[in-house]
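Student: I should like a close look at one part of this structure, the surroundings of the bound ligand, and then at the elements that frame the rest of the fold. Please give the account as one connected answer.

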Amino acid sequence: MTNATDSAPLLTGRNLTKTVQVGTQSLPIIKEVDITVNSGEFVVIMGKSGSGKSTLLGLLAALDYPDAGDVHLAGQALHKLSEDELAAIRQQQMGFVFQSFHLLPTLSVAENIAFPLDIARRPDPSRVDALIEAVGLSHRRDSLPAQLSGGEQQRTAVARALVANPQIVFADEPTGNLDEHNAEQVMQLLLDLRSEVGAALVIVTHDAALAKLADRVIVMHDGRIQDS
Ligand SMILES: Nc1ncnc2c1ncn2[C@@H]1O[C@H](COP(=O)(O)OP(=O)(O)OP(=O)(O)O)[C@@H](O)[C@H]1O
Ligand SMILES: [Mg+2]
(Lines give C-alpha, C1' and ligand atoms only; values in the text may rest on other atoms or scores of the structure.)
(Ligands and ions follow the chains in the order given, each with its own letter.)
Protein backbone atom coordinates (compact mmCIF):
# COMPACT_ATOMS: atom_id res chain seq x y z
CA MET A 1 0.00 0.00 0.00
CA THR A 2 1.52 3.34 -1.03
CA ASN A 3 1.02 6.63 0.77
CA ALA A 4 -0.74 8.04 -2.26
CA THR A 5 -3.62 5.56 -1.94
CA ASP A 6 -3.77 5.91 1.83
CA SER A 7 -5.76 9.13 1.70
CA ALA A 8 -7.99 8.13 -1.23
CA PRO A 9 -11.66 7.47 -0.48
CA LEU A 10 -12.26 3.71 -0.44
CA LEU A 11 -15.81 3.50 0.86
CA THR A 12 -18.43 6.23 0.56
CA GLY A 13 -21.95 6.23 1.95
CA ARG A 14 -24.09 9.14 0.82
CA ASN A 15 -27.46 10.23 2.16
CA LEU A 16 -27.99 6.78 3.66
CA THR A 17 -31.45 6.19 5.01
CA LYS A 18 -32.89 3.00 6.47
CA THR A 19 -36.46 2.62 7.61
CA VAL A 20 -38.07 -0.24 9.50
CA GLN A 21 -41.72 -1.19 9.57
CA VAL A 22 -43.14 -1.29 13.09
CA GLY A 23 -46.82 -2.23 12.87
CA THR A 24 -48.31 0.19 10.38
CA GLN A 25 -45.60 2.78 10.98
CA SER A 26 -42.45 3.31 9.02
CA LEU A 27 -39.65 4.40 11.36
CA PRO A 28 -36.31 5.79 10.13
CA ILE A 29 -33.39 4.27 12.05
CA ILE A 30 -30.60 5.68 9.83
CA LYS A 31 -31.22 9.22 8.68
CA GLU A 32 -29.37 10.81 5.75
CA VAL A 33 -25.92 9.70 6.87
CA ASP A 34 -22.84 10.74 4.87
CA ILE A 35 -19.63 8.86 5.59
CA THR A 36 -16.30 8.27 3.86
CA VAL A 37 -13.58 5.78 4.80
CA ASN A 38 -10.16 6.18 3.19
CA SER A 39 -7.89 3.35 2.12
CA GLY A 40 -6.06 1.95 5.13
CA GLU A 41 -7.97 4.16 7.56
CA PHE A 42 -9.01 2.96 11.04
CA VAL A 43 -12.46 4.34 11.91
CA VAL A 44 -14.26 3.70 15.19
CA ILE A 45 -18.05 4.07 15.45
CA MET A 46 -19.39 4.76 18.93
CA GLY A 47 -22.76 5.77 20.33
CA LYS A 48 -25.48 4.64 22.73
CA SER A 49 -27.34 1.36 22.38
CA GLY A 50 -30.01 1.73 19.71
CA SER A 51 -28.34 4.73 18.03
CA GLY A 52 -27.94 2.82 14.75
CA LYS A 53 -24.32 1.63 14.78
CA SER A 54 -24.95 -1.97 13.69
CA THR A 55 -27.51 -0.88 11.11
CA LEU A 56 -25.05 1.61 9.59
CA LEU A 57 -22.28 -0.99 9.55
CA GLY A 58 -24.64 -3.42 7.78
CA LEU A 59 -25.40 -0.82 5.08
CA LEU A 60 -21.70 0.00 4.57
CA ALA A 61 -20.76 -3.68 4.42
CA ALA A 62 -23.52 -4.39 1.88
CA LEU A 63 -25.16 -6.86 4.26
CA ASP A 64 -28.32 -4.80 3.93
CA TYR A 65 -29.74 -2.40 1.31
CA PRO A 66 -30.48 1.25 2.17
CA ASP A 67 -33.98 2.62 1.46
CA ALA A 68 -32.34 5.73 0.05
CA GLY A 69 -28.81 6.85 -0.62
CA ASP A 70 -25.87 4.99 -2.04
CA VAL A 71 -22.72 3.11 -1.08
CA HIS A 72 -19.60 2.96 -3.25
CA LEU A 73 -16.61 0.72 -2.61
CA ALA A 74 -13.54 1.47 -4.74
CA GLY A 75 -15.79 3.07 -7.35
CA GLN A 76 -18.39 0.28 -7.46
CA ALA A 77 -22.00 1.24 -6.70
CA LEU A 78 -22.94 -1.47 -4.18
CA HIS A 79 -26.60 -0.47 -3.84
CA LYS A 80 -27.14 -1.30 -7.53
CA LEU A 81 -25.74 -4.84 -7.38
CA SER A 82 -27.65 -8.09 -7.04
CA GLU A 83 -27.34 -10.35 -3.99
CA ASP A 84 -24.96 -12.65 -5.90
CA GLU A 85 -22.76 -9.77 -7.04
CA LEU A 86 -22.66 -8.40 -3.50
CA ALA A 87 -21.74 -11.82 -2.13
CA ALA A 88 -18.77 -11.92 -4.50
CA ILE A 89 -17.62 -8.46 -3.39
CA ARG A 90 -18.00 -9.39 0.27
CA GLN A 91 -15.89 -12.48 -0.36
CA GLN A 92 -13.16 -10.79 -2.35
CA GLN A 93 -12.87 -7.34 -0.85
CA MET A 94 -14.26 -7.42 2.69
CA GLY A 95 -13.57 -9.11 6.00
CA PHE A 96 -16.00 -9.39 8.93
CA VAL A 97 -15.70 -9.92 12.66
CA PHE A 98 -18.88 -10.12 14.77
CA GLN A 99 -19.51 -10.06 18.50
CA SER A 100 -20.70 -13.67 18.51
CA PHE A 101 -17.82 -15.02 16.35
CA HIS A 102 -19.98 -16.59 13.56
CA LEU A 103 -17.60 -19.48 12.90
CA LEU A 104 -18.84 -22.47 10.92
CA PRO A 105 -19.49 -25.10 13.62
CA THR A 106 -18.59 -28.18 11.58
CA LEU A 107 -15.26 -26.82 10.32
CA SER A 108 -11.96 -26.88 12.22
CA VAL A 109 -9.94 -23.77 13.08
CA ALA A 110 -7.77 -24.28 9.98
CA GLU A 111 -10.83 -24.90 7.76
CA ASN A 112 -12.65 -21.85 9.10
CA ILE A 113 -9.62 -19.65 8.43
CA ALA A 114 -9.17 -21.16 4.95
CA PHE A 115 -12.87 -20.76 4.10
CA PRO A 116 -12.74 -17.33 2.34
CA LEU A 117 -9.88 -18.57 0.12
CA ASP A 118 -11.61 -21.89 -0.56
CA ILE A 119 -14.92 -20.37 -1.68
CA ALA A 120 -13.00 -17.94 -3.90
CA ARG A 121 -11.20 -21.00 -5.35
CA ARG A 122 -7.85 -19.50 -4.34
CA PRO A 123 -6.59 -22.05 -1.79
CA ASP A 124 -3.35 -20.97 -0.14
CA PRO A 125 -2.28 -23.38 2.62
CA SER A 126 0.88 -21.47 3.50
CA ARG A 127 -1.12 -18.25 3.99
CA VAL A 128 -3.53 -20.18 6.23
CA ASP A 129 -0.62 -21.60 8.24
CA ALA A 130 0.90 -18.14 8.65
CA LEU A 131 -2.40 -16.77 9.96
CA ILE A 132 -2.92 -19.69 12.37
CA GLU A 133 0.58 -19.06 13.70
CA ALA A 134 0.00 -15.27 13.90
CA VAL A 135 -3.11 -15.70 16.07
CA GLY A 136 -1.38 -18.29 18.29
CA LEU A 137 -3.58 -21.28 17.43
CA SER A 138 -1.13 -23.75 15.92
CA HIS A 139 -1.92 -26.21 18.73
CA ARG A 140 -5.67 -25.86 18.03
CA ARG A 141 -5.69 -26.05 14.24
CA ASP A 142 -7.84 -29.19 14.11
CA SER A 143 -10.23 -28.22 16.91
CA LEU A 144 -13.88 -27.39 16.25
CA PRO A 145 -15.25 -24.00 17.39
CA ALA A 146 -17.26 -25.62 20.22
CA GLN A 147 -13.99 -26.95 21.66
CA LEU A 148 -12.45 -23.45 21.87
CA SER A 149 -12.61 -20.66 24.42
CA GLY A 150 -14.29 -17.39 23.40
CA GLY A 151 -10.91 -15.71 22.91
CA GLU A 152 -9.69 -18.58 20.72
CA GLN A 153 -12.88 -18.46 18.65
CA GLN A 154 -12.51 -14.73 18.09
CA ARG A 155 -8.81 -15.10 17.18
CA THR A 156 -9.94 -17.65 14.57
CA ALA A 157 -12.51 -15.16 13.28
CA VAL A 158 -9.87 -12.41 13.07
CA ALA A 159 -7.55 -14.68 11.05
CA ARG A 160 -10.46 -15.62 8.76
CA ALA A 161 -11.37 -11.94 8.24
CA LEU A 162 -7.84 -11.08 7.08
CA VAL A 163 -6.74 -14.23 5.24
CA ALA A 164 -7.89 -13.12 1.78
CA ASN A 165 -6.22 -9.68 2.03
CA PRO A 166 -9.46 -7.65 2.01
CA GLN A 167 -9.47 -3.92 1.30
CA ILE A 168 -11.70 -3.28 4.28
CA VAL A 169 -12.62 -5.10 7.49
CA PHE A 170 -15.87 -4.47 9.38
CA ALA A 171 -16.15 -5.42 13.04
CA ASP A 172 -19.23 -5.07 15.25
CA GLU A 173 -18.25 -5.13 18.94
CA PRO A 174 -15.66 -7.86 18.29
CA THR A 175 -14.58 -7.89 21.93
CA GLY A 176 -18.08 -7.58 23.39
CA ASN A 177 -18.21 -11.22 24.54
CA LEU A 178 -14.64 -11.41 25.86
CA ASP A 179 -12.97 -10.68 29.20
CA GLU A 180 -10.51 -7.81 29.38
CA HIS A 181 -7.40 -9.88 28.73
CA ASN A 182 -8.85 -11.70 25.71
CA ALA A 183 -10.41 -8.48 24.42
CA GLU A 184 -7.01 -6.79 24.43
CA GLN A 185 -5.35 -9.74 22.72
CA VAL A 186 -8.01 -9.95 19.99
CA MET A 187 -7.89 -6.20 19.32
CA GLN A 188 -4.11 -6.20 19.11
CA LEU A 189 -4.21 -9.05 16.59
CA LEU A 190 -6.89 -7.32 14.55
CA LEU A 191 -4.83 -4.12 14.45
CA ASP A 192 -1.55 -5.91 13.69
CA LEU A 193 -3.00 -8.04 10.91
CA ARG A 194 -4.88 -5.20 9.29
CA SER A 195 -1.66 -3.13 9.23
CA GLU A 196 0.13 -6.03 7.59
CA VAL A 197 -2.61 -6.38 4.97
CA GLY A 198 -3.03 -2.59 4.60
CA ALA A 199 -6.81 -2.88 5.02
CA ALA A 200 -9.11 -0.15 6.24
CA LEU A 201 -10.90 -1.03 9.50
CA VAL A 202 -14.37 0.11 10.54
CA ILE A 203 -15.17 -1.02 14.03
CA VAL A 204 -18.17 -0.51 16.29
CA THR A 205 -17.00 -0.50 19.90
CA HIS A 206 -17.77 0.92 23.32
CA ASP A 207 -14.06 0.74 24.23
CA ALA A 208 -12.73 4.26 24.83
CA ALA A 209 -9.11 2.99 24.93
CA LEU A 210 -9.55 1.56 21.46
CA ALA A 211 -11.13 4.77 20.17
CA LYS A 212 -7.92 6.57 21.19
CA LEU A 213 -5.99 4.44 18.69
CA ALA A 214 -8.35 5.20 15.79
CA ASP A 215 -7.59 7.63 12.98
CA ARG A 216 -11.15 8.92 13.38
CA VAL A 217 -14.06 8.42 15.79
CA ILE A 218 -17.65 8.76 14.58
CA VAL A 219 -20.40 9.07 17.17
CA MET A 220 -23.92 7.98 16.24
CA HIS A 221 -26.94 9.54 17.92
CA ASP A 222 -30.52 8.64 17.03
CA GLY A 223 -29.70 7.45 13.50
CA ARG A 224 -27.37 10.32 12.62
CA ILE A 225 -23.68 11.07 12.91
CA GLN A 226 -23.20 13.56 15.71
CA ASP A 227 -21.27 16.71 14.84
CA SER A 228 -17.77 16.43 16.22
N1 LIG B 1 -35.53 -5.02 11.99
C2 LIG B 1 -35.82 -4.05 12.86
N3 LIG B 1 -37.11 -3.76 13.17
C4 LIG B 1 -37.40 -2.75 14.02
N5 LIG B 1 -36.49 -1.98 14.62
C6 LIG B 1 -35.21 -2.24 14.36
C7 LIG B 1 -34.79 -3.28 13.49
N8 LIG B 1 -33.43 -3.28 13.43
C9 LIG B 1 -33.03 -2.30 14.26
N10 LIG B 1 -34.09 -1.66 14.81
C11 LIG B 1 -34.04 -0.51 15.73
O12 LIG B 1 -33.18 0.45 15.16
C13 LIG B 1 -32.39 1.10 16.15
C14 LIG B 1 -30.92 0.96 15.81
O15 LIG B 1 -30.51 -0.40 15.97
P16 LIG B 1 -29.00 -0.86 15.92
O17 LIG B 1 -28.97 -2.32 16.11
O18 LIG B 1 -28.39 -0.32 14.68
O19 LIG B 1 -28.39 -0.10 17.18
P20 LIG B 1 -26.92 -0.16 17.82
O21 LIG B 1 -26.44 1.25 17.90
O22 LIG B 1 -26.09 -1.14 17.09
O23 LIG B 1 -27.23 -0.67 19.30
P24 LIG B 1 -26.36 -1.66 20.27
O25 LIG B 1 -25.25 -0.80 20.84
O26 LIG B 1 -27.36 -2.02 21.32
O27 LIG B 1 -25.89 -2.82 19.47
C28 LIG B 1 -32.80 0.46 17.47
O29 LIG B 1 -33.75 1.31 18.08
C30 LIG B 1 -33.42 -0.84 17.06
O31 LIG B 1 -34.39 -1.24 17.99
MG1 LIG C 1 -25.27 -3.00 17.61
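Tutor: Two strands are taken to pair if DSSP finds at least two bridges between them. On that basis, this predicted model contains an open sheet of four strands, arranged in the order 2-1-4-5 with antiparallel pairing. Strand 2 (25–38) and strand 5 (76–77) are its edge strands, each pairing on one side only. At one of these edges, strand 4 (residues 68–73) and strand 5 run antiparallel and are joined by two bridges. L73 has Q76 of strand 5 as its bridge partner.

The ligand site comes next. The shell around ligand 1 consists of V20, I29, K48, S49, G50, S51, G52, K53, S54, T55, E173 and H206. Sorted by class, these comprise two nonpolar, seven polar and three charged residues. Helix 2 (residues 53–60) makes the largest contribution to this shell, supplying three residues.

Several polar contacts can be described atom by atom. A polar side-chain atom of T55 is placed 2.5 Å from an oxygen atom of ligand 1. The backbone also takes part: an N or O atom of the G50 main chain lies 2.8 Å from a ligand oxygen, and a backbone N or O atom of S51 lies 3.2 Å from an oxygen of ligand 1. Taken alone, ligand 1 exposes 640 Å², of which the protein buries 56%.

Beyond helix 2, the loop leading to strand 4 holds A62. The phi of A62 is near 60°, a positive value in a residue that is not glycine. Most residues other than glycine have a negative phi. A62 counts as buried because its relative accessibility is 5%, and the cut-off for burial is under 20%. A second positive phi, of about 55°, belongs to R121, which is likewise not a glycine. R121 is located in the loop between helix 4 (109–119) and helix 5 (125–134). Here the setting is exposed, because R121 has a relative accessibility of 73%, and exposure requires over 50%.

Two helical residues complete the picture. Q153 belongs to helix 6 (residues 150–162). Although its side chain is polar by class, Q153 counts as buried, because its relative accessibility is 17%. Its side chain reaches the backbone oxygen of L148 at 3.3 Å. With neighbours within four places in sequence set aside, the contacts of Q153 are F101, L103, P145 and L148.

L190 lies in helix 7 (residues 180–197). It counts as buried because its relative accessibility is 0%. Apart from residues up to four places away in sequence, L190 touches V97, V158, L162, V169, A171, P174, L201 and I203. Those partners are all nonpolar by class, since Val, Leu, Ala, Pro and Ile are counted as nonpolar. For a pair at longer range, L190 and A110 are 80 residues apart in sequence, and their C-alpha atoms are 18 Å apart in space.

Key: Residues are numbered from 1 along each chain as its sequence is written. Chains are lettered from A and ligands numbered from 1 in the order in which they are written. This is a predicted model: local features need pLDDT of at least 70, side-chain atom pairs count only at pLDDT 80 or more; totals for chains, interfaces and linings use all residues. Side-chain values use heavy atoms; hydrogens and water are left out. Buried means under 20% relative accessible area, exposed over 50%, partly exposed in between (1.4 Å probe, protein chains only). Contact means heavy atoms within 4.5 Å. A residue is near a molecule or strand if one of its heavy atoms lies within 4 Å of it. A polar contact is a pair of N or O atoms within 3.5 Å; within protein, one must be able to donate a hydrogen and the other to accept it, and residues adjacent in sequence count only if both atoms are side-chain atoms. Accessible areas come from the Shrake-Rupley method with a 1.4 Å probe; for residues, only the protein chains shown count as cover.
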